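Here's a quick tour of a protein model for anyone new to reading structures. Keep the picture open while you read, and try to find each spot as it comes up.

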Amino acid sequence: MKTISKNNTIRNIAIIAHVDHGKTTLVDAMFKQTELFRPGLEVNERLMDTMDLEKERGITIAAKNCSVQWNGVKINILDTPGHADFGGEVERALSMTDGAILLVDASEGPLPQTRFVLKKTLEKGLKVIVVINKIDRKDARPREILDEIYDLFIDLDADDEQIDFPLLYAIGRDGIAKRTLAEKNGNLDILFQTILDEIPAPQFDKDEPFQMLVSDLGYSDYIGRLAIGKVFNGTAQFNDTMICINDKQEHVPLKISKLQIYDGITLKEAKTAEAGDIIVLSGIDNVKIGDTLCTKEFPKPLKRISIDEATISMEFTINTSPFSGKEGKFVQSGKIYERLSKETLKNVAIKVEYGENKDSFIIKGRGEFQIAILIETMRREGFEFNVGRPKVIYKYEKGKKQEPVETLYVDCQENFAGIVTEKLSFRKGRLTNLINNGLGRIRAEFSIPSRSLIGYRDEFLTDTKGTGIINTLFDRYEDYRGDFSSRFTGSIVSDRQGSAVGYALFHLEPRGRLFISPGELVYEGMIIGEHNKDLDINVNPCKEKKLSNMRASGKDENITCSPVKPMTLEEAINYIKDDEMVEVTPKSIRLHKKTLSAQKRHLMRSAKYQG
Ligand SMILES: Nc1nc2c(ncn2[C@@H]2O[C@H](COP(=O)(O)OP(=O)(O)OP(=O)(O)O)[C@@H](O)[C@H]2O)c(=O)[nH]1
Ligand SMILES: [Mg+2]
C-alpha cells in the first residue's frame, strides 16, 4: 500500500528559458536576498556560470545545482542552459525537480528553446511558474508577450490546470518580482512565496526504502566520482548493503564514502539524506546517469531518464600533422578515447563510437556547437587531435533515406528577406510562415534540413549585416530532400613544409582569401587559404624572392600582406569540406586535407575519375 507523504521543508525547482533570457542573473539575485547571504559578501555576476568557457562566452553550458533558504524552507535551484545544443542538460535537471520557473524575455517573447523546455516540463506534468523577465527593457511589451505565452501553452496541449499558471513580472537583474506591472516592489519576496505556495513539496512513499535516481555526475580530485540526484523515497543509512541498478538491470554493490547536500553554491556534509532532497554521493565509481541507487534488500529501479537522440556526428582522429605532439600533452588515441568516454559519463546527450580504425572516433551529439565546446574544453586540457566536418545522422526507413529537419525562425529587416529566402530555398528550406508587421522587420519560419544549417549562421549574419536573428528547433526525421553544394570555393593548399614567406603570400593573395601570415609554419596538405574557384590548388607559400645583383626597375617591390583574421574553432569546423579536417592543439587551429600528400590526393582523384 502507498502512503504518500510530503517533505514540506524542501522545494526543488528548475529555471528554464530560451538562451539569454536571464536565468543565471536571476539566480544571483535570489542568492543575495536569502538567509544564506551575508551582507557585505561579494556576489560575482552570474555566480553559477563557473566554467571558464561559460564565463568567457556569457552563456550557461552545463546545468548546475545550488540551494537557498527562505522562511525555513530549503529551495534547491537548478540553473539550466538555454542554448538548444545543451537541451540534454535541461532534461536531466527536470528529472530532479517538482516544478519550474519559465522565464520569458519581455521584449523577445517565447522563442524556440522556450517551446522546447516548456514542452519537456509539461510532458513531465510539472508545475510551471511563468515569469516575464526584463520588464525594464525599453522595448518591453509584456502584454503582448503574455498572449504569446498563452498561445504557446495551448499549442503544446497544456491542460486547464497548467494553463492557469501563476504569473509574475520581473527585473531579474535588479532582484525585483511583482504580481502586476503597476505594483511597486523592491525585492523577490513574491517570487519566493510563489515557489513555496505553488510548487509542490517533494512527495515520497513512507513505506518504501531508500531510492535515488542518478541525474548528474560530477568529479572531485579529492573524493573522486560524485553521483547527484534526488532521493525519491526513504532516508538512507549508508552502509555496504547499497546497490546500483544499471541500464542492464544488474545489481552492482557499492560503498558510499560521503554524503553531501547543497548549501548555497557549495556542498555541506550531512549524516542522513532526507526524502525529496537533492544529494551528492561519493565513493561510487561505476555509476551512470539514469541508474538507481537503492538498498540491496529492496532493489527497485526508477524510470531511467530518456534523452532526445543525437542528430549530428563528427569524426575525431589522432593528430596526423607533422607538428603532432609539439604543442599538446595528450596525443595518443588511447588518451583521446578515454577522455571522450569520460565525457559521455557526464553528458548523456553525447555518444562515442570507434570510427574506421583504432585512431578514429565518431562523436554524436545534439549540435555542432555542443561538440565545439567539447573540443575547446579538451584543447585547454592539453589534447591534440583532428576533427572532421560535422555531419547529420541519417536513418533508413524501409530502405528510404531519412534526415533530421529543423524549424528555423528568422527575424530580420524586410530588405534582407529576399536574399535570406533565396539562400535558404537553395539549401532545401521551405518557407512555412511569414509575418510582416509593417514596422520594417519580418519574422519567417522555414522547415529546413539540419545539414543545411551547418555553417549557415555566419553567412546569415553577413547577409543581414549583423542585424538578423536566427533560432532553430529540431522538428523530426523526414525523407531526404536531395543534394546541394555547400561551398563553391576550393582550398589553397601548401605543397611543402616550411615557414611561410611574405613574398609568396603576397603573390597568392589574388587567388583567394588567405588564412596565414608571413612566418607561420606550414606543412604539406595544410590549407592556407580559400581559393576563388571551385577547385583545390597546391602552392608553395615558402617561396623566396630570387635575389639578383641588378636592380631591374630601380625600386624594390614593396610587400605588405593584407591582415589575416584567424579562424575561430567554430568557423573552422563549419568551413571545412568532407575531405578536410581541423587540427586542434592547445595553441593552434590549422586546417588541412585529410590526405596530406599532394601526390596521394592526385592519385585518389585520378582513380575516382577512372572508375
Ligand atoms: N535589461 C535587463 N537585462 C537583464 C536582466 N536580467 C539579465 N539581463 C541580461 O541578460 C543577459 C543574459 O543573462 P543571463 O543571466 O546570462 O541569461 P541566461 O538565461 O542565464 O543565459 P543562458 O544560460 O546562456 O541561456 C545578460 O547580459 C544580463 O545582464 C533584466 O532584468 N533586465
Ligand atoms: Mg545562464
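The shell around ligand 1 sorts into ten polar, seven charged and five nonpolar residues. That makes 22 residues surrounding ligand 1, and keep in mind as you look that this is a predicted model. From the ligand we'll move out to the whole chain, and then to a few strands, helices and single residues.

**Around the ligand**

- If you want a place to start, T24, T25, I59, T60 and G82 are the closest residues to ligand 1.
- Helix α1, which covers residues 23-32, gives the largest share of that shell, with three residues.
- Just ahead of the helix in your tour is D20, a residue in the loop between β2 and α1.
- D20 has a phi of about 75°, a positive value, although it isn't a glycine.
- D20 has 18 other C-beta atoms within 10 Å, so it counts as partly exposed.

**The whole chain**

- The chain holds 15 helices and 35 strands.
- Its radius of gyration is 27 Å, close to the 25 Å that the globule rule gives for 611 residues, so the chain is as compact as a globular protein of that length.
- Along its principal axes, the C-alpha trace spans about 95 × 65 × 60 Å.
- How much of the chain is buried? Of the 611 residues, 40% count as buried.
- Take the contacts between residues at least 6 apart in sequence: 71% of them join residues at least 24 apart.

**Domains**

- The domain assignment splits the chain into domain 1 (4-203), domain 2 (208-295), domain 3 (395-479) and domain 4 (490-546 + 556-610).
- Measuring between centres over C-alpha atoms, domain 1 and domain 3 are separated by 29 Å.
- Where these two touch, domain 1 puts in five residues and domain 3 puts in four.
- On the domain 1 side of that contact you'll find four nonpolar residues, one charged residue and no polar ones.

**A covered helix and a covered strand**

- Is helix α3 (residues 87-94) enclosed or open? Eight of its eight residues are buried, so α3 is largely enclosed by the rest of the structure.
- The buried residues of α3 are G87, G88, E89, V90, E91, R92, A93 and L94.
- What covers them includes the strands β2 (10-16), β4 (73-79), β5 and β10 (211-220), along with helix α4 (112-123).
- Strand β6 (residues 127-133) is mostly covered too, with six of its seven residues buried.
- β6 runs parallel to strand β5 (residues 99-105), and seven bridges join the two.
- To spot that pairing, look for L103, whose bridge partner in β6 is V131.

**Strands that pair with β17**

- Strand β17 (residues 292-295) runs antiparallel to β10, and three bridges join them.
- One pair to look for is Q211 with C294, its bridge partner in β17.
- β17 also pairs with strand β12 (residues 242-245), again in the antiparallel sense, over four bridges.
- In that pairing, I245 stands opposite T292.

**Single residues worth finding**

- Y262 sits in strand β14 (residues 258-263).
- Y262 has 23 other C-beta atoms within 10 Å, so it is buried.
- Leaving out residues up to four places away in sequence, Y262 touches N65, C66, S67, N76, L267 and I278.
- How far apart in space are Y262 and S313? They are 51 residues apart in sequence, and 36 Å apart from C-alpha to C-alpha.
- D205 belongs to strand β9 (residues 203-205).
- With 16 C-beta neighbours inside 10 Å, D205 counts as partly exposed.
- D205 and A275 are 70 residues apart along the chain, and their C-alpha atoms are separated by 9.0 Å.
- K428 is found in the loop between α10 (417-426) and β25 (430-436).
- K428 isn't a glycine, but its phi is positive, near 70°.
- K428 has 19 other C-beta atoms within 10 Å, so it is partly exposed.

Notes. Residues numbered from 1 in each chain as written. Chains lettered and ligands numbered in written order. Predicted model: local features only at pLDDT ≥ 70, side-chain atom pairs only at ≥ 80, totals over all residues. Near = placed C-beta within 6 Å. Nonpolar A, V, L, I, M, F, W, Y, C, P; charged D, E, K, R; others polar. Domains from an automatic or database assignment. Contact = placed C-beta atoms within 7 Å. Rg over C-alpha atoms; globule rule 2.2 N^0.38 Å. Buried ≥ 20, exposed ≤ 12 C-beta atoms within 10 Å, placed from the backbone. Pairing = 2+ DSSP bridges.
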